[in-house]
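Reader: I should be grateful for a close look at a single part of this structure. Please take one charged side chain and explain its surroundings and its partner.

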Amino acid sequence: MDDLEAIGRNIARLRTKKKLSQEDLCGTADIDRSYLSEIENGHKNFSITVLLKIARALEVAPEDILKI
């Protein structure tokens, strides 16, 4: 598994732990649902800005998402 896949799985795991759908997370983080899907599947590289939006929406520290 590469780094993007590991990070994507972390996001998906944290999201489901909080019982959020992709749609819910995207609404809070103000990102597109298909973009989040690509991130969670490890197919899309993303910016620090997007990382911070996702972390805030999940109420976690960015480093929790980046743990590989």
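Author: R15 counts as buried, because its relative accessibility is 10% and the cut-off for buried is under 20%. This value, like the others here, is computed from a predicted model. The side chain of R15 meets that of E40 in a salt bridge, with 2.8 Å from N to O. R15 belongs to helix α1 (residues 3-17), while E40 belongs to helix α3 (residues 33-40), so the pair ties together parts that are 25 residues apart in sequence. E40 is buried as well, since its relative accessible area is 9%.

The structure holds two salt bridges. In the other pair, the side chains of D64 and K67 meet at 3.4 Å, again N to O. Here the surroundings may be set beside those of R15. D64 has 26% relative accessibility and therefore counts as partly exposed. K67, at 53% relative accessibility, counts as exposed, because the cut-off for exposed is over 50%.

Charged side chains also appear in another setting. On the surface, E23, D24, D32 and E38 gather in a patch of negative charge. One of these residues, E23, is found in helix α2, which covers residues 22-29. E23 has a relative accessible area of 54% and is therefore exposed.

To return to the part in question: R15 is buried, its partner E40 is buried, and their salt bridge ties helix α1 to helix α3.

Note on methods: Residues numbered from 1 in each chain as written. Predicted model: local features only at pLDDT ≥ 70, side-chain atom pairs only at ≥ 80, totals over all residues. Heavy atoms only, no water. Patch = residues over 30% accessible without salt bridge, like charges linked within 9 Å, V, L, I, M, F, W, Y side chains within 5 Å. Areas by Shrake-Rupley, 256 points an atom, 1.4 Å probe, with all protein chains shown as cover. Salt bridge = Lys/Arg side-chain N within 4 Å of Asp/Glu carboxyl O. Lys, Arg positive; Asp, Glu negative; His and termini not counted. Charge placed at Lys NZ, Arg CZ, Asp CG, Glu CD. Helix = DSSP H or I, 4+ residues; strand = E, 2+ residues; numbered from the N terminus. Buried < 20%, exposed > 50% of the residue type's maximum accessible area, 1.4 Å probe, protein only.
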